[in-house]
Amino acid sequence: PARIEGFDLRNMTAYLPAHARLQLDADSIAGAPAALGDPALAASALANVADNALKYAGESLVRIWAEHDLESVRLLVEDNGPGLG
């Protein structure tokens with residue numbers, strides 16, 4: 001079963017692979033408030049999204065950053081690859 005708790009987004013990014021095309025915005029991630037959810041599942045989901053972006057984005061950079069407001073915190077993953085056809 002999922003374990004719901006507060007966790008630091010930096011813990012999620014610690015498991016990402018070192019890759020020349022992977023660009024983390026460490027300041028936005030460090031400045032984000034704690035997220036609420038299952039930290040292991042969230043880290044696994046982020047790793048899968050980043051891995052897919054690196055595989056299918058051609059030579060595009062894959063950028064990961066955090067955004068937050070009063071109600072939520074989000075990690076965003078962006079690339080400039082070809083997308084879905």
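Student: How many bridges join strand 4 to strand 5, and in which direction do the two strands run?

Tutor: Good place to start, and do keep in mind that this is a predicted model. Seven bridges join strand 4 to strand 5, and the two strands run antiparallel. Pairing asks for at least two bridges, so with seven of them strand 4 and strand 5 count as paired. Two positions help to locate the pairing: Ile-64 has Val-77 in strand 5 as its bridge partner, while His-68 stands opposite Val-73 in strand 5. A hairpin of four residues links strand 4 to strand 5.

Student: What makes strand 2 and strand 4 a pair?

Tutor: Here the count is three bridges, with the strands running parallel. The cut-off is at least two bridges, so three are enough to call strand 2 and strand 4 paired. One position to look at is Leu-22, which stands opposite Val-62 in strand 4.

Student: Why do strand 2 and strand 5 stand at the edges?

Tutor: The open sheet has three strands in the order 2-4-5, and its pairing is mixed. Strand 2 (22-24) and strand 5 (73-79) each have a single partner strand, so each keeps one side without a neighbour in the sheet. From one strand to the next, the twist averages 25°. Helix 3 packs on this sheet and touches strand 2, strand 4 and strand 5, with its direction at about 15° to that of strand 5.

Student: Why does Ala-53 count as buried?

Tutor: Its relative accessibility is 8%. Buried means under 20%, so Ala-53 at 8% falls in that class. This residue lies in helix 3. Beyond its neighbours within four places in sequence, Ala-53 is in contact with Val-62, Val-77 and Asp-79.

Student: And Leu-75: buried, exposed or partly exposed?

Tutor: Leu-75, which sits in strand 5, has a relative accessible area of 22%. The buried class stops under 20% and the exposed class begins over 50%, so 22% places Leu-75 in between, as partly exposed. Residues up to four places away set aside, Leu-75 touches Leu-9, Met-12, Ile-29, Leu-46, Ile-64, Trp-65 and Ala-66. Take one of these, Met-12: it is 63 residues from Leu-75 in sequence, and their C-alpha atoms are 9.8 Å apart in space.

Student: What makes Ala-2 exposed?

Tutor: The relative accessible area of Ala-2 is 53%. Exposed means over 50%, so Ala-2 meets the cut-off at 53%. You will find Ala-2 in the segment before strand 1 (5-7). Apart from neighbours within four places, Ala-2 contacts Asp-38 and Leu-41. Ala-2 and Gly-37 are 35 residues apart in sequence, with a C-alpha to C-alpha distance of 8.1 Å.

Student: Which residues in the largest nonpolar core touch the most other members?

Tutor: The core has 16 residues, and those touching the most other members are Leu-9, Met-12, Leu-16, Leu-22 and Ile-64. Helix 1 (9-13), helix 3 (39-56) and strand 4 (62-68) are the elements that each give two or more residues to this core. Helix 3 provides its largest share, with five residues. For a view of one member, Leu-16 touches Leu-22, Leu-24, Leu-46, Ala-47, Ala-50 and Ile-64, residues up to four places away not counted.

Student: How do you know that Arg-63 lies over the face of Trp-65?

Tutor: Arg-63 is at 4.0 Å from the ring centre of Trp-65. The distance limit is 6 Å, and the charge must also be within 35 degrees of the ring normal. The 4.0 Å value is therefore inside the distance limit, and Arg-63 is listed as lying over the face.

Student: Finally, how many aromatic pairs does the structure hold?

Tutor: Zero. Ring centres must lie within 6.5 Å to pair, so the zero count tells you that no two rings meet that criterion here.

Methods
Residues are numbered from 1 along each chain as its sequence is written. This is a predicted model: local features need pLDDT of at least 70, side-chain atom pairs count only at pLDDT 80 or more; totals for chains, interfaces and linings use all residues. Side-chain values use heavy atoms; hydrogens and water are left out. A nonpolar core is a set of buried Ala, Val, Leu, Ile, Met, Phe, Trp, Tyr and Cys residues joined through side-chain atoms within 4.5 Å. Buried means under 20% relative accessible area, exposed over 50%, partly exposed in between (1.4 Å probe, protein chains only). Contact means heavy atoms within 4.5 Å. Axes are lines fitted to C-alpha atoms, for helices over the stretch in contact, and angles run from 0 to 180 degrees between N-to-C directions. Rings of Phe, Tyr and Trp (its six-membered ring) pair if their centres lie within 6.5 Å; planes under 30 degrees apart count as stacked, over 60 as edge-to-face and the rest as tilted.
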